[in-house]
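Please look over the chain below, together with its coordinates, before reading the report that follows.

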Amino acid sequence: MRVKSAGAKSGRLWGPLTMASSLVWWMIAPSAAAVAAPSPTVTPGSVSLTASAVSVKPGQSVTFTASASDPGGTALYQFWVEMPNGQWENQQNYSTDPTFVLSNVSAGNYLVAVEVMDQAQVQHGQWSQAQTTLPDGVFVNSQVAAVSLNPDAAPGSSVTLQAEATDIYHPVYQFWVQAPDGSWSQSGAYSSAATYTFTPSQPGIYHFVAYAKSPEAANNPHGALQSAVGSSGVYGTASQVVLSLASPTVVADGQATDAVVATVEDQYGNRVPTFAGSLVLSAGGSSDFLVGGQHQATETAEVLGGTATATLQLPSGDVGPTIITADHLMTLASFRFGGVANGGLAGQGQAANVTYGSATLSGVANTPFDLTLTSSLPSLSDNTVNATQVTVGINDQAGDPYVTQNGRYVTLTLTGPGSFASGSVVTRVSEHIAGGTASGTVTVPVYSEQAQAGTIMVGAAASGIAPASPLAIATYETGVPAGLSITSSNGFDQQGDVYTLYTVDVVDQQGHLITTGSGSTDAIQIADNAAAMQNPELFYYTGANLSALVSGETATPTLNDGGTSVANPVVTNLTASGGQVQFAVENGYAGLGVPTTITATDLSTGASASGVYNYYLGAKMGAEMLGPLGAVSSFNFPAIQSVLAGQTLTESAQLTDQFGNPLPEKGVPIWFAITLEGDAGPATMTPDQLYSSGSLTLTPGMVQLPNGASSPFDVYQALTNSSGVATVNLSVPSSDVAYDAFEVVAFQQDGAGLQANVVVPPQYQPASLAWTGGLPASGRLSAGQSATLSAGVFNALGSQLGLNSADPFNYALLSSSNPGVVVPSGTAWGNYATQLAPGEWLIDAGAMYAVGVSEGPFVLPLVGEAVGSTTLTLQDLAPGVAPLAENLTVVPGAAVGSAEVLYNGAPVSSSNPLDLTSNVPVPITLVNVDAGGNPLPVAGQTAATVNLPTSLAGVAGSYDWEPAGGGVPITSVKILPGQSSATVWFVSSATQVVSSFPADLAD
């Protein structure tokens, strides 16, 4: 076996393959004894290899070119390739061709090396004389990413970097870190460790990169792949607040806004992104400022992520400088979730003395700048003289409505088939916009001319003000209403939320808007299928609320599709004005994110049109804790978990937008903290009394975050995965006792989540379920028969947990494989029993307390209904508790003494009305049933007699009962022995539709 020269590929891995591939030369070459030793040799160190590309896409090709110095001889080249699976292959044997093409590459990384020998050396097998290049690398779809697991660290704490390579064979890593002073340091030699931990020596921003390569690749740009540059901050305590303005000036019209940003910095001048709390902004100088149009001297701003933003306005005419100062920086003493304050969350600490900055906001007097023209209708019908209302307004230089002080005249001009007056042609009017507190607008009618189609152009001008852009109003002849047209456009309100504005037009056959006459005032019905699409919150805005939406005000929507029932979506009626109606839609929680179809229907013509609403994801605004049943809410008590002392508990939080929609973004920091909750308290108090009394305090150290934090004033930061979920592992000391409890919250900017957890030692930990009574020995129930099933909760020691067991998971899901065979009975299923799906119920054991602790066994009153068999499965929500199953069969019960009345095979109702024509018999079926409504043959030898009523409320006119086939009116009918039903004819003297009829008749 030949030995490689310095820098050659390891002979142990690919030497044997080289020898085998060279046998063809060995067999045709003369023996060493017959040929003298060659003198030409390849010059050591002269061999080089270059690639046409370092990184390519799958399916492409890369050309490798070798060169060597071989004075007086002929150089031969042999190419080797390490494939993405780590195996070396001889891809081109010794030849005079110095090029090699690696074709149709697949994802992964390749290494290519070349050996060079003189032709005579090859013929004589002088393999030890081969000159070899370092491997040259090609990456195909390979990537390396690097993140900091502690992107916001305190001075003196360690920072851990983590890298992840894809499509690189057995990657090894090397990290480089740049300190705030610009100096670089590295992690050492390449290793398989994908993490590197260092302790920052100075505060500030640290930049880092990670390199990844396969183990045998060269340590150069051709062999290693570099990640994008990341950053990680080292921050001290909050020591100063710096104020800045989006603009140093703002138009003083009481409407134009300016953003004041307060940045919390540490003693080194770095923003402290982990600081959460509040501060107070105060106004000094000539006057106060406005917030939401209201005069205020101070404004409290919430600090999250180390920054706080307040939107301010200056009173109209106030142009003097207003000094904005910051004061009263405070850590967050109470954290709000769902509008309810929860104690104990705080961000980074702050210095004893905080320095506060200020900013000067100067006002600019508002002046009339330009005119605007708007029309209440986009077009007019020329069938008759028809009008639209045109409004002219004055805007100031900020684009806000300008309220003229002394009044101002505006001249409006018109061209085309229209007029400012009805019955005569008026093409020029002068209107006065009143001064003082007027709205700054004036409205004039614009009329079409009968049978004159075309375009009306309206202009507006005033002295010293830029004229309005001309307003075009189309006119045309319209036909009868033929359909609806629906169009939509998207916009952003001042809060940055997306809304969709829908315009519904009543149109004729040509698609022209009908603005007068038939159809112009039709009632329009709006409905959607949001519930069917499992998108539970779709908000309609109409009328006044539409303007509130566009202006960014937080007004309650006029209409709200709660999505609670697939069969009953929200339907609302709106009245068209001039053949047109508008409404806006804004999504709340988007659910599955499936588009929703919104349908508008003309109730006069039946015409309809549909538009698709696509749910929009907003900006990163919060984090929501995830529990066993999904996202946690104020009433999602089953999200409470129990954990044994001495064990660990994994908690997760989902990154969300402002609507609570999950955001699948990777690498976003989410902070976790422990809030005040739990402690054993007096021995005489049961857990529920402890919770309800509010006497709980956090036991120091009873649960710890990965960074050792155990206080409500400490936080731990985790990064989200590709699904936007961040996870934290909490450790519970073995010294914890029963009923110790804590809550975990997660936040990102101004979002919040809530998760309550209870520490339960083994003797209190639920481990299994067992039926404790109420089951019929035969497993059979008669229809109408009740059975009270009891299920006990047992611990790992086999003892049944009593009324004070405090199983925090004392909730269960009861499901039926055949819904309708047995149904719940009574109210003892618990105050919060909820049907999740047909045949599936969420139940509790009885009492409900502040954090959802329930006590006692499950008691499940059931009643047999439909004849058949079903498997009931009871699943306790405690982890590790096996489900409990029972097979039940419902058999026919005793007759209830009355016959069920059926028409067309079903009871008479609004959905199955009794359709009567004067003196035309209608068949009615009378069925002998048991308590579950199951048909029963009449037992014994005696027929069952059903008495027929002689008077019925809700049936107009006179009526008779007749035997099947007709005949003399009867007052009773018999169901014969062995049969379960009989048919009788109902004959009415009046034609009518009856939706209310007796459900049953006594035997």
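In what order do the 4 strands of the open sheet lie, and is the pairing parallel or antiparallel? The order is 46-43-48-49, and the pairing is antiparallel; here strands are DSSP runs of E with at least two residues, numbered from the N terminus, and two strands pair if DSSP finds at least two bridges between them. The edge strands, each pairing on one side only, are strand 46 (572–575) and strand 49 (608–613). On average, neighbouring strands of this sheet are turned by 25° against each other, direction ignored, where the axes are lines fitted to C-alpha atoms and angles run from 0 to 180 degrees between N-to-C directions.

This is a predicted model, in which local features need pLDDT of at least 70 and side-chain atom pairs count only at pLDDT 80 or more, whereas totals for chains, interfaces and linings use all residues. Residues are numbered from 1 along each chain as its sequence is written, and side-chain values use heavy atoms, with hydrogens and water left out.

The pairings below include one from this sheet.

| Strand pair | Sense | Bridges | Residues opposite each other |
|---|---|---|---|
| 48 (596–602) and 49 | antiparallel | 6 bridges | Thr 599 and Ser 610 |
| 35 (408–415) and 39 (454–461) | antiparallel | 5 bridges | Leu 414 and Val 458 |
| 39 and 40 (471–476) | antiparallel | 5 bridges | Gly 454 and Thr 475 |

Strand 39 thus appears with strand 35 and also with strand 40.

Ser 988 lies in strand 75 (residues 981–988) and is buried, with a relative accessible area of 1%; buried means under 20% relative accessible area, with a 1.4 Å probe and protein chains only. Its side chain makes a polar contact (a pair of N or O atoms within 3.5 Å, one able to donate a hydrogen and the other to accept it, with residues adjacent in sequence counted only if both atoms are side-chain atoms) with the side chain of Gln 992, at 3.1 Å. Not counting residues up to four places away in sequence, Ser 988 touches several others, among them Leu 916, Asn 919 and Tyr 959, contact being heavy atoms within 4.5 Å.

The largest nonpolar core has 29 residues, of which Val 241, Leu 243, Leu 279, Leu 281, Ile 324 and Leu 329 touch the most other members; such a core is a set of buried Ala, Val, Leu, Ile, Met, Phe, Trp, Tyr and Cys residues joined through side-chain atoms within 4.5 Å. Beyond four places in sequence, the contacts of Leu 281 include Leu 243, Phe 289 and Ile 324.

The mean pLDDT of the protein chain is 78, and 76% of its residues reach 70 or more, pLDDT being the predictor's confidence in each residue, from 0 to 100. Over residues 1–37 the pLDDT is below 50. Where pLDDT is low, the predicted coordinates should not be read in detail.

Definitions and conventions: Buried means under 20% relative accessible area, exposed over 50%, partly exposed in between (1.4 Å probe, protein chains only).
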